[in-house]
Amino acid sequence: MIEAEEFETVAETTRPHRLQRVLVLVLIAALMVLPLWVYPVLLMKLMCFALFASAFNLLLGYGGLLSFGHAAFFGGSAYATAHALKVWEVTPELAILAGVGAALVLGLAMGLLAVRRQGIYFAMVTLALAQMFYFFCLQAPFTHGEDGIQGFSRGRLFGLIDLSDSTVLYYVFAVVFVASIFAIWRIVHSPYGMILQAIRENEQRAISLGYSVQRYKLGAFVLSAGFAGLAGGLKALLFQFATLTDVNWHMSGEVILMTLLGGIGSIAGPIVGAGLVVTLQNYLATTGFPVTTALGATFIVCVLLFRRGIVGEFRHRLAVRRKP
Amino acid sequence: MMMAKVSARIAPERARAALSARGLSKTFGNFQAVKDVDIDILHGRIHALIGPNGAGKSTVFNLLTKFLQPSAGTIMYGETDITRMAPADIARLGVARSFQISATFGDMSLVDNVCVALQRPNGLAVQFWRPLSSLSRLRPRAMELLGRVGLADMADHRAADLSYGRKRALEIATTLALDPKVMLLDEPLAGMGQEDVERMARLIADVAQGCAVLMVEHNIKVVADIGHDITVLQRGEILTQGNYAEVSADPRVREAYMGTEDDD
């Protein structure tokens, strides 16, 4: 009976708030007017990485699986998108689709091998497979090695809307971004998402309830790869090139950093984390201050001061304060 | 003489055994944890697996649920040989288990804990595109199951915040959600207060009317009260099998186990 009174507040905080909905609408509105003041290409880059981190968080934060090979999906899709635009000369939406398709296939192949392992072994297997893919990209003729794929136009969306104008492109990005984040939110808050959460919290118990947990993990892996691919394809479309940087293990590390900085296991966390890292990189690039040092220092501060990540810590403080 | 009586009693009943094992053995390296165990778990009855610490009860339990792979022997579920099946597959057939360390989904509410168990049998486990509200049709059944274990008024609390005894009750509700034919309970009463023990024992007895129950249990009083068949293990082997009167009359059992346990 003591428990009954003590934990009422916890249940309350897990219920969705009307305030949250209002906040989301405000943010979407802000996204619509932001290019009036901020350079749209920076905002689009931000959206790419925010989506990439959100895809990664779908696997880490909700699936409990730490992948160290997500660059393969991001960069692999960037290559596929760029190749489709340059060589096949298809419309941009089909090129992105090709990129996402490539990421899904890659995700399925890597996932089948990786989900058999747990914890650090899972991370190592994904890293090894992603490195194999990196060297494949380094050697394969269609990626043009160190040069990468470049020198193609963005084309016309559905054959109609010219994307060479960055304001137009911005609004296309904004729509895709909001839709993708909503899709990720839906996956997390779906019947499948519930099972994923159950597996994360108690895998043995989930097995004993008849769930073949490896299949559910594989599903999360492939979905995450798909969204990472979408982010990579958008990035290739935005900058009109695809290079080895995107498949390099640094990229896998960067997305982990973004997600952990922002806080895993929330929709807002990876978006905030990606925003912070990309803004910092962008700002420091012009100052001559070593970017990696600054990022490393930020990361150390984060780990020491707020382990739950920025959003995670914020939520925690809020929950504690609500509790009388 | 007694052993002969026991095997004569078991033999004709084998036909209606919900879960049975023959020659079940498990070795870890050089250590033989379980040796040549024959066991029949019958429909509508509670089978208690008892024995001193280290007798291999938990190993037998994990072998029967396939969380461990036996080194030798066969396990039959009705007419189906399940010796080589994966644990999740067995669960889907109707063999549900609980855990010694109470296993709940801590961050979820009680009703969600039960819903997770209901999702798969109701075909609502893979839809990643549907909203959570699609699960609301499972809620009445989940509430009913929570009511059965006396937790209905706490349905929206976090499972992690429950007292130990209530967590165990929640686990029973979750297991019942699978509508199991065989229920295997690993020390379902461990760590409970006297009041909870009595309530849980009544619940298990009630549940057993509709399925076969195997429970590993230390509480001899409860075993005597609700257990129909008892298997006593010692050093990985069956010491004796029978009902409580038969088993407790066996001097070897008194020596090995009950004599000391009764003094507690």
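# Close-up views of chains A and B

**View 1. A:Glu89 sits in the loop that joins helix 5 (71-88) and helix 6 (92-114) of chain A.** Helices (H or I, at least four residues) and strands (E, at least two) are DSSP runs, numbered from the N terminus. This is a predicted model, in which local features need pLDDT of at least 70, side-chain atom pairs count only at pLDDT 80 or more, and totals for chains, interfaces and linings use all residues, while side-chain values use heavy atoms and leave out hydrogens and water. Residues are numbered from 1 along each chain as its sequence is written, and chains are lettered from A and ligands numbered from 1 in the order in which they are written. Is A:Glu89 buried or exposed? A:Glu89 is exposed, with a relative accessible area of 65% (buried means under 20% relative accessible area, exposed over 50%, partly exposed in between, with a 1.4 Å probe and protein chains only). The backbone deserves a look too: A:Glu89 has a positive phi, near 55 degrees, and is not a glycine. Most residues other than glycine have a negative phi.

**View 2. B:Asp179 lies in a loop of chain B, between helix 6 (164-176) and strand 7 (182-186).** What is the phi of B:Asp179? The phi of B:Asp179 is positive, about 55 degrees, although B:Asp179 is not a glycine. With a relative accessible area of 55%, B:Asp179 counts as exposed.

**View 3. B:Gly165 belongs to helix 6 of chain B.** Here we turn to a buried residue, as B:Gly165 has a relative accessible area of 8%. Which residues does B:Gly165 touch, once its neighbours within four places in sequence are left aside? The contacts are with B:Met192 and B:Asp196 (contact means heavy atoms within 4.5 Å). B:Asp196 is 31 residues away from B:Gly165 along the chain, yet their C-alpha atoms are separated by 6.5 Å.

**View 4. B:Leu239 is part of strand 10 (residues 237-242) of chain B.** B:Leu239 is buried, and its relative accessible area is 12%. For a sense of distance, look across to B:Gly210: the two residues are 29 residues apart in sequence, and their C-alpha atoms are 29 Å apart in space.

**View 5. A:Ser212 occupies the loop between helix 10 (203-208) and helix 11 (213-239) of chain A.** A:Ser212 is buried, with a relative accessible area of 15%. Which residues are in contact with A:Ser212, leaving aside its neighbours within four places in sequence? They are B:Ala88, B:Asp89 and B:Arg92. Within chain A, the C-alpha atom of A:Ser212 is 9.8 Å from that of A:Ile199, which is 13 residues away along the chain.

**View 6. Chain A and chain B meet with 29 residues of chain A in contact with 44 residues of chain B.** The area buried between the two chains is about 3100 Å², and carbon and sulfur atoms give 63% of that area. Buried area is the accessible area (1.4 Å probe) that two parts lose on being put together, summed over both. A good place to start looking is A:Pro191, A:Met194 and A:Arg205, which supply 21% of the area that chain A buries against chain B, more than any other three residues.

**View 7. Chain A, the setting for views 1 and 5, contains 15 helices and 4 strands.** Its radius of gyration is 20 Å, close to the 20 Å that the globule rule gives for 324 residues, so chain A is as compact as a globular protein of that length. The radius is taken over C-alpha atoms, and the globule rule is 2.2 Å times the number of residues to the power 0.38. Buried residues make up 51% of the chain. Along its principal axes, the C-alpha trace of chain A spans about 70 × 45 × 40 Å.

**View 8. Chain B, the setting for views 2, 3 and 4, has 10 helices and 10 strands.** The radius of gyration of chain B is 19 Å, close to the 18 Å that the globule rule gives for 264 residues, so chain B is as compact as a globular protein of that length. Of the 264 residues in chain B, 54% are buried. The C-alpha atoms of chain B fill a box of roughly 60 × 40 × 35 Å along the principal axes.
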